[in-house]
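The exercises below are meant to be worked through with the sequence and the model side by side. Try each task before reading its solution.

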Amino acid sequence: MSQDSTAAPESARKLSGRRRREVVAVLLFSGGPIFESSIPLSVFGIDRQDAGVPRYRLLVCGGEDGPLRTTGGLELSAPYGLEAISRAGTVVVPAWRSITSPPPPEALDALRRAHEEGARIVGLCTGAFVLAAAGLLDGRPATTHWMYAPTLAKRYPSVHVDPRELFVDDGDVLTSAGTAAGIDLCLHIVRTDHGAEAAGALARRLVVPPRRSGGQERYLDRSLPEEIGSDPLAEVVAWALEHLHEQFDVETLAARAYMSRRTFDRRFRSLTGSAPLQWLITQRVLQAQRLLETSDYSVDEVAGRCGFRSPVALRGHFRRQLGSSPAAYRSAYRARRPQGESMQSGAMEPVVPAQASPQSRRTAAAGTHGQASASSAMPEHVKPGSDVYATGPGRPSLPGQRSAP
């Protein structure tokens with residue numbers, strides 16, 4: 001489920017007289033992925049007035065000197081430079097080439113200036129890192145591809161990172177998850193500007209749903225990053241993953257780390273950005289998800305084998321995290337499983353990586369957010385690396401947000 005703001009934040013400014021609402025600037029960088037880059041070009045750069053879609057004026061701007069080389073070795077020459085951003089009412093950063101390298105200062109200055117003059121700033125996928133580097137996400141809710149949410153949260157601790165959402169609308173600053181979620185956010189922008197009918201017409205042209213339900217939870221995996229491999233807490237997290245079938249709590253983990261609960265919570269959060277309780281619940285849900293996919297255990301048996309104290313607890317956490325009941329999830333999974341693929345009866349052995357690191361955004365109340373884990377299925381434009389994210393069981397609202405209808 002996406003998150004929309006109930007009102008424009010107080011920091012929103014009136015659009016400068018030289019900027020036009022219908023003008024959309026897309027900021028491209030060398031090394032950017034061609035898929036994400038093409039999304040705003042296709043949504044805002046093609047005249048579909050015959051289908052009832054209001055026309056935007058597109059300015060494709062180079063964020064640095066060209067030619068710009070994309071993934072796959074294609075070379076692009078942007079028709080405009082950073083100066084053209086001064087005319088745009090919306091500025092879109094489709095992606096950034098590396099989550100570990102800083103964007104060009106000139107591009108960051110142009111984004112800050114655009115925001116100060118009332119432009120709407122949009123970051124798709126890893127484009128959120130560019131917005132964060134410009135300081136435009138400070139104190140705001142945001143999302144990005146779940147694989148890189150931990151890095152975003154750790155590098156920019158003042159950003160309220162939520163890896164569960166397909167996109168987050170905070171009024172004048174918007175961010176989306178990876179790849180196809182960029183289409184969801186661009187459709188949302190059209191819907192905001194021109195209504196549901198226009199967005200629906202555009203969705204039909206693109207042959208995509210006008211509004212997808214759910215979030216990124218269904219795509220999470222349990223592979224864990226290398227970043228905290230040398231930290232003593234990595235051994236504790238690895239032990240927890242090996243023993244998810246047992247009933248233990250955070251006090252048990254703190255004892256294994258030879259820390260008080262308070263010290264353990266503080267250390268866990270400072271290292272990963274996660275609340276350990278919610279991370280643990282998330283890992284149990286992920287384990288249940290895999291048992292439902294790979295075994296014939298009943299839901300009651302799955303609950304016991306994942307360390308839940310009762311099937312009721314499993315059902316509640318499972319529904320909050322994945323949006324369906326365990327039984328419904330299993331039925332849907334089996335319905336789309338290729339014919340001839342057999343179910344294995346018996347428990348799935350947990351896959352235990354050598355390192356571990358959950359991640360979460362800052363919250364007002366302790367223990368209210370979802371945490372992290374990672375996957376090997378990452379976008380091609382970012383190298384395998386450091387952080388992974390799994391979300392917690394709850395979906396609390398963020399400051400200035402509500403769930404989209």
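Two residues are in contact when they have heavy atoms within 4.5 Å of each other. The model is a predicted one, in which local features need pLDDT of at least 70 and side-chain atom pairs count only at pLDDT 80 or more, while totals for chains, interfaces and linings use all residues. Residues are numbered from 1 along each chain as its sequence is written, and side-chain values use heavy atoms, with hydrogens and water left out.

**Exercise 1. The surroundings of Leu 27**

Find which residues Leu 27 is in contact with, leaving aside its neighbours within four places in sequence.

Solution. Begin with the stretch from Cys 61 to Gly 63, where Cys 61, Gly 62 and Gly 63 are contacts of Leu 27. Then add Leu 82, Ile 85, Val 92, Val 93, Pro 94, Ala 107 and Leu 111, which complete the list. For one of these partners, the burial can be stated directly: Cys 61 counts as buried because its relative accessibility is 1%, where buried means under 20% relative accessible area, exposed over 50% and partly exposed in between, with a 1.4 Å probe and protein chains only.

**Exercise 2. The nonpolar cores**

Determine how many residues the largest nonpolar core has, and which have the most contacts inside it.

Solution. A nonpolar core is a set of buried Ala, Val, Leu, Ile, Met, Phe, Trp, Tyr and Cys residues joined through side-chain atoms within 4.5 Å. By this rule the largest core has 39 residues, and Leu 27, Ile 85, Val 91, Leu 111, Ile 121 and Leu 137 have the most contacts inside it. Among the elements that each supply at least two residues of this core are strand S2 (20-28), strand S3 (57-62) and helix H3 (127-133); here helices (H or I, at least four residues) and strands (E, at least two) are DSSP runs, numbered from the N terminus. A second, separate core has 29 residues, including Val 43 and Phe 167.

**Exercise 3. Strand S7 and its partners**

Work out which strands pair with S7, and in which sense.

Solution. Two strands pair if DSSP finds at least two bridges between them. Strand S6 (residues 88-93) meets this with four bridges to S7, in the parallel sense, and Val 92 has Val 122 of S7 as its bridge partner. Strand S11 (residues 173-176) is also parallel to S7, over three bridges, with Ile 121 opposite Val 173. Looking next at the faces of S7 (residues 120-123), one finds Arg 120 and Val 122 buried on one side, and Ile 121 and Gly 123 buried on the other.

**Exercise 4. Two leucines compared**

For Leu 202 and Leu 76, decide whether each is buried or partly exposed.

Solution. Leu 202, which lies in helix H6 (residues 196-206), counts as buried because its relative accessibility is 0%. Apart from residues up to four places away in sequence, Leu 202 touches Val 43, Arg 48, Val 53, Leu 187 and Val 190, and its C-alpha atom is 7.6 Å from that of Leu 187, 15 residues away along the chain. Leu 76, in strand S5 (residues 75-76), counts as partly exposed because its relative accessibility is 30%. With the same residues up to four places away set aside, Leu 76 touches Leu 28, Pro 67, Leu 68 and Thr 70.
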